[in-house]
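I opened my notebook to look around a protein model, one small search at a time. Come along and check each entry against the picture.

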Amino acid sequence: MRHCAGAERIAYSRLSELVSGVESAVKSSAERKLVYAYWPWYDTVSHQHGSESTQAAAELAKVDAAFGALLARLSGTDTLVVATADHGFMDSAPEESIELPSSLASQLRFPLCGERRVAYC
């Protein structure tokens with residue numbers, strides 16, 4: 001993990017801890033720094049229940065509220081906040097997904113990558 005060499009990693013298990021951790025990192029010194037944070041639960045909930053589910057909407061509302069709280073906490077600092085997503089999201093019906101039989105998968109030189117709806121080697 002050379003791309004993370006010298007990086008300080010701070011664990012969190014709640015969204016409020018992510019917000020507090022980012023705030024603390026930003027305000028830890030006047031030195032310029034890059035702070036990266038990732039919240040995996042919207043993606044997880046969307047995979048489990050569908051991107052248009054009430055569960056996904058509730059998780060997105062939590063993320064939105066936390067993001068607003070973070071922006072409020074960083075107000076007045078010379079901070080540039082950039083929000084990104086690691087991918088788009090769309091639900092796929094089972095009949096539109098690729099499920100490679102194990103007898104075939106074992107014959108591949110490299111394992112399939114991507115998702116069941118967009119598999120590639």
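Below are my entries, in the order I wrote them.

**Entry 1: what I am looking at.** I note first that this is a predicted model.

**Entry 2: the core.** I asked which residues make up the largest nonpolar core. I found nine residues: Leu-15, Leu-18, Val-19, Val-22, Val-26, Trp-39, Ala-66, Leu-70 and Leu-74. Then I looked up which elements give two or more residues to this core, and they are α1 (15-26) and α3 (54-74). The largest share comes from α1, with five residues.

I picked Leu-18 out of the core for a second look. Leaving out residues up to four places away in sequence, Leu-18 touches Tyr-12, Ala-37, Tyr-38 and Trp-39. Trp-39 is itself on the list of core residues.

**Entry 3: helix α2.** Next I went to α2, which spans residues 41-49. Which of its residues are buried? My search gave Asp-43, Val-45 and Ser-46. They sit on the same side of α2, because they cover an arc of only 165° around the axis. I also checked what these buried residues pack against, and it is α3.

**Entry 4: after the helix.** Just past α2 I met Gly-50, which takes a positive phi of about 100°. Then I stopped at Ser-51, in the loop between α2 and α3. Is Ser-51 buried or exposed? Its relative accessible area is 17%, and buried means under 20%, so Ser-51 counts as buried. I then listed its contacts, leaving aside neighbours within four places in sequence: Tyr-42, Ser-46, Ala-56, Phe-89, Met-90 and Asp-91. Ser-46 was already in my notes as one of the buried residues of α2.

**Entry 5: a patch on the surface.** I turned to the outside and found a nonpolar surface patch of about 210 Å². Phe-67, Leu-71 and Val-81 make this patch. I looked up Leu-71 and found that it belongs to helix α3. Leu-71 is partly exposed, at 38% relative accessible area.

**Entry 6: salt bridges.** I reminded myself that side chains of opposite charge can pair when their charged atoms come close. How many salt bridges does a search of the whole structure find? The search finds four, and I wrote up several of them.

- Arg-14 pairs with Glu-17, and their closest N and O atoms are 3.5 Å apart. Glu-17 is partly exposed, with a relative accessible area of 27%.
- Glu-23 meets Lys-27 in a salt bridge of 3.0 Å, N to O. Glu-23 is buried at 19% relative accessible area, whereas Lys-27 counts as partly exposed at 44%.
- Glu-59 pairs with Lys-62, with 3.7 Å between the closest N and O atoms. Glu-59 is buried, at 9% relative accessible area, while Lys-62 is partly exposed, at 49%.

I wondered where Glu-59 and Lys-62 sit along their helix. Both are in α3, and they are separated by about one helical turn because they are three residues apart. A general point helped me here: an α-helix has 3.6 residues a turn, so residues three or four places apart point the same way.

My last search was for salt bridges that share partners, and these join Glu-23, Lys-27 and Arg-73 into one network.

Methods. Residues are numbered from 1 along each chain as its sequence is written. This is a predicted model: local features need pLDDT of at least 70, side-chain atom pairs count only at pLDDT 80 or more; totals for chains, interfaces and linings use all residues. Side-chain values use heavy atoms; hydrogens and water are left out. A nonpolar core is a set of buried Ala, Val, Leu, Ile, Met, Phe, Trp, Tyr and Cys residues joined through side-chain atoms within 4.5 Å. Buried means under 20% relative accessible area, exposed over 50%, partly exposed in between (1.4 Å probe, protein chains only). Helices (H or I, at least four residues) and strands (E, at least two) are DSSP runs, numbered from the N terminus. Contact means heavy atoms within 4.5 Å. The arc is that of the directions from the helix axis to the C-beta atoms. Patches are made of residues with over 30% relative accessible area and no salt bridge: like charges are joined within 9 Å, nonpolar side chains (Val, Leu, Ile, Met, Phe, Trp, Tyr) within 5 Å. Accessible areas come from the Shrake-Rupley method with a 1.4 Å probe; for residues, only the protein chains shown count as cover. A salt bridge is a side-chain nitrogen of Lys or Arg within 4 Å of a carboxyl oxygen of Asp or Glu.
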